[in-house]
Amino acid sequence: MSDKINLLYTRKRSGNVSFAEEKSVNKYFNVLKALSKTSLGCAYIADLKTRKLEFISGNPLLFSGLGAAEVEKMGYSFFRKYTKKEDLEILKKVSTNGLKFFECLSPEEKKAHTITYDFHVKSANSVDVLVNHKITPIEICDQGEISKIVCVVSYSLSRTAGNIRVISNTSDSYWKYNLFTGKWTEECKITLKIREIEIIRLYLQGLTIEEIAEQLFVSPSTIKFHRSKLFERIGVKNIIEAISYVISNNLI
């Protein structure tokens, strides 16, 4: 479906599209806009060949307070201007080493992988905002190169910028990029146990340890035991970090 929409959108930009087709494209993007209003994040589509942003769903807080039309007009120059100076190297690595990672994948595999990373966007009225970008290829040209990507933008759940990784729901492992060595390392995904999933879900509902214990018909000490084991396995120090890790890695 995404390939068809991209074709229609390209034809619309060139003026070579029928009224019925234009209505179909507008309906598709209106759905994306509506979905963006129900979350803190947003999405954009980018053409890697022209370096233009073809669609932005909204949320100016993630784009230095600028509106979608302003950012779309600026294209990639937005990131050069509004990314924190210290984090520009992260974007450079993503556009070079990050996209090179996809070169060894087949066209279908490219679309099944996502590169995720964090960087600071400068803010005129507040502190710099640490955002997360998740980029997934959606269109591959005849030569096998990525021509268009969709990016989901959200507030980062990490403490620092960087964290460049390539992930896929079709794989039990992920690849992590080291900014200092310039090398990728493969790491196995952590699989949560049923009890750990139950505890995290109840924490997300705002329940206390005592309330979670009551829901699961166990003692509070049992909940604390499972929680501490989870902290140890994923390398975090508290439940906030644990929730951030679980969400960032799509573990539930």
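Select Ile 200, Tyr 203 and Leu 204 in helix H7 together with Ile 239, Ile 243, Val 246 and Ile 247 in helix H10, and you have the residues through which these two helices meet, contact here meaning heavy atoms within 4.5 Å. Helices (H or I, at least four residues) and strands (E, at least two) are DSSP runs, numbered from the N terminus. By class, this contact of H7 with H10 holds 7 nonpolar residues, no polar and no charged ones, where Ala, Val, Leu, Ile, Met, Phe, Trp, Tyr, Cys and Pro count as nonpolar, Asp, Glu, Lys and Arg as charged, and the others, Gly among them, as polar.

Before moving on, note that this is a predicted model, in which local features need pLDDT of at least 70 and side-chain atom pairs count only at pLDDT 80 or more, while totals for chains, interfaces and linings use all residues. Residues are numbered from 1 along each chain as its sequence is written, and side-chain values use heavy atoms, with hydrogens and water left out.

**Helices H7, H9 and H10**

Now show H7 and H10 as ribbons: their axes come within 11 Å and cross at roughly 110 degrees, the axes being lines fitted to C-alpha atoms, for helices over the stretch in contact, with angles that run from 0 to 180 degrees between N-to-C directions. That makes H7 roughly perpendicular to H10, on a scale where angles under 35 degrees count as roughly parallel, over 145 as roughly antiparallel, 65 to 115 as roughly perpendicular and the rest as oblique.

Stay with helix H7 (residues 194-204) and select Glu 196, Ile 197, Ile 199, Ile 200, Leu 202 and Tyr 203, which are buried; buried means under 20% relative accessible area, exposed over 50%, and partly exposed in between (1.4 Å probe, protein chains only). The buried residues of H7 pack against helix H8 (209-216), H9 and H10. After H7 comes Gly 206, whose phi is positive, near 90 degrees.

Next add helix H9 (residues 220-234) beside helix H10 (residues 239-248), whose axes come within 10 Å of each other and cross at roughly 60 degrees. That makes H9 oblique to H10. Arg 227, Phe 231 and Ile 234 of H9 make this contact with Ile 239, Ala 242 and Tyr 245 of H10, and these residues divide into 5 nonpolar, no polar and 1 charged.

**The nonpolar cores**

For the next stop, select Tyr 44, Leu 53, Phe 63, Phe 78, Tyr 117 and Val 153, the residues with the most contacts inside the largest nonpolar core, which has 34 residues. A nonpolar core is a set of buried Ala, Val, Leu, Ile, Met, Phe, Trp, Tyr and Cys residues joined through side-chain atoms within 4.5 Å. Among the elements that each supply at least two residues of this core are strand S1 (42-47), strand S2 (52-56), helix H4 (77-82) and helix H5 (88-101). A second, separate core of 22 residues includes Ile 197, Leu 202, Tyr 203 and Leu 230.

Which residues does Phe 63 touch, not counting those up to four places away in sequence? Around Phe 63 you will find Cys 42, Tyr 44, Ile 56, Gly 58, Val 71, Phe 78, Val 121 and Val 153.

**Single residues to visit**

Beside Phe 63 in the sequence, select Ser 64, in the loop between S2 and helix H3 (68-74), which has a positive phi of about 55 degrees although it is not a glycine. At 15% relative accessibility, Ser 64 counts as buried.

Arg 51, in the loop between S1 and S2, is not a glycine either, yet has a positive phi of about 60 degrees. Arg 51 is partly exposed, with a relative accessible area of 43%.

Then go to Lys 84, in the loop between H4 and H5, which is partly exposed with a relative accessible area of 25%. Lys 84 touches His 120, Lys 122 and Asp 128, not counting residues up to four places away in sequence.

End at Tyr 177 in strand S7 (residues 173-178), which at 7% relative accessibility counts as buried. Leaving aside neighbours within four places in sequence, Tyr 177 is in contact with Lys 93, Asn 97, Ile 164, Gly 182, Lys 183 and Trp 184.

**The whole chain**

Finally, show the whole protein chain, with its 10 helices and 8 strands; of its 252 residues, 42% count as buried.
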